[in-house]
Amino acid sequence: KILLNYLPLERASWTSILAKQRELYAQFLREMIIQPGIAKANMGVSREDVTFEDHPLNPNPDSRWNTYFKDNEVLLQIDKDVRRLCPDISFFQRATDYPCLLILDPQNEFETLRKRVEQTTLKSQTVARNRSGVTNMSSPHKNSVPSSLNEYEVLPNGCEAHWEVVERILFIYAKLNPGIAYVQGMNEIVGPLYYTFATDPNSEWKEHAEADTFFCFTNLMAEIRDNFIKSLDDSQCGITYKMEKVYSTLKDKDVELYLKLQEQNIKPQFFAFRWLTLLLSQEFLLPDVIRIWDSLFADDNRFDFLLLVCCAMLMLIREQLLEGDFTVNMRLLQDYPITDVCQILQKAKELQDSK
């Protein structure tokens, strides 16, 4: 929380800052997770005749219903991604000890995002949005309910799984940041943050994992969001520049290995794109990812250390890469063999000190 600029160094101000931010997040929930046109009984609002402005077929692009339908396109992709978050552990499929009472309170008529997805997939096409734009639209007649909806046992009413909390965080982020909205891969960034906060031994902090994760994720995305914006790929702040920086660093530190990769035409985008964009969250088990992120977030130059970590990962398997052909080496780079992250971080630190 400190390294991601959510909390200041002065402990005395933590209580007031956390209270303010958590209330702000609750306000986001009230404003963005509620279906338009549904009366809220607990607010004392009675159902009135539907007006033209409040009608689902209102063609006005600014109507709440039009926004709702557009949001569903983003939500379907978020839902698809978060359901399969960290499949090697069961954590995200388990029920949270602190379900969102604002959403799940039976006195409210708020629909959960999970129910919204289930309703939407029965009557709309499935839309997948990657960093290139909206793609992969499939006919509802061929597959009216995505298999992922039936992949896990549905929790009883009043409960929600951890992946549902992550879904809500990403949906609110997309609503508040329409310029980038949601891009595949963001789920892999928010996952380790939420896991860290939702397993905090301090029950008071654990209870507010959702709100705290949202703000830490927002702060982190402010620093790395350029990696997710395709139009910036070739700019100096884009992902292409960073991938090339990994190779230029490797050339300085191990020219023989660099020339071998060049000779085999193994471009950095074949493997370093995922390494850099997802902050190595797909290359290691979750506890190791958290250990690596501690070092990345503590970097004075904000993620320059990540480039050195990637370079260290290449150098630690140099003998295998020098002996392997294109196919063998691609397999090595896309399924990285070394699991001792402390060894990788130590090597990266050596590269940093030798500059």
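**Helix packing and burial in the chain**

Helices α9 and α10 are oblique to each other. In this predicted model, α9 covers residues 239-253 and α10 covers residues 255-263. Their axes lie 6 Å apart and meet at an angle of about 135 degrees. Angles over 145 degrees count as roughly antiparallel, and those from 65 to 115 as roughly perpendicular. The angle of about 135 degrees falls in neither class, and the pair is therefore oblique.

Both helices supply named residues to this contact. From α9 come Tyr247, Leu250, Lys251 and Lys253. From α10 come Val255, Leu257, Tyr258, Leu261 and Gln262. By class, the contact has 6 nonpolar residues, 2 charged residues and 1 polar residue.

Helix α5 was examined for length and burial. It runs over residues 162-176, a stretch of 15 residues. The first and last C-alpha atoms of α5 are 22 Å apart. This span is close to the 21 Å expected at 1.5 Å a residue. Helix α5 is also mostly covered, with 13 of its 15 residues buried.

At the level of the whole chain, the secondary structure comprises 16 helices and 2 strands. The chain has 355 residues, of which 48% count as buried. Among contacts with a separation of 6 or more, 72% link residues 24 or more positions apart. The exposed area of the chain is about 17,900 Å². Carbon and sulfur atoms supply 51% of that area.

Key. Residues numbered from 1 in each chain as written. Predicted model: local features only at pLDDT ≥ 70, side-chain atom pairs only at ≥ 80, totals over all residues. Heavy atoms only, no water. Helix = DSSP H or I, 4+ residues; strand = E, 2+ residues; numbered from the N terminus. Buried < 20%, exposed > 50% of the residue type's maximum accessible area, 1.4 Å probe, protein only. Contact = heavy atoms within 4.5 Å. Areas by Shrake-Rupley, 256 points an atom, 1.4 Å probe, with all protein chains shown as cover. Expected span 1.5 Å × (residues − 1). Axes fitted to C-alpha atoms, helices over the stretch in contact; angles between N-to-C directions. Parallel < 35°, antiparallel > 145°, perpendicular 65-115°, else oblique. Nonpolar A, V, L, I, M, F, W, Y, C, P; charged D, E, K, R; others polar.
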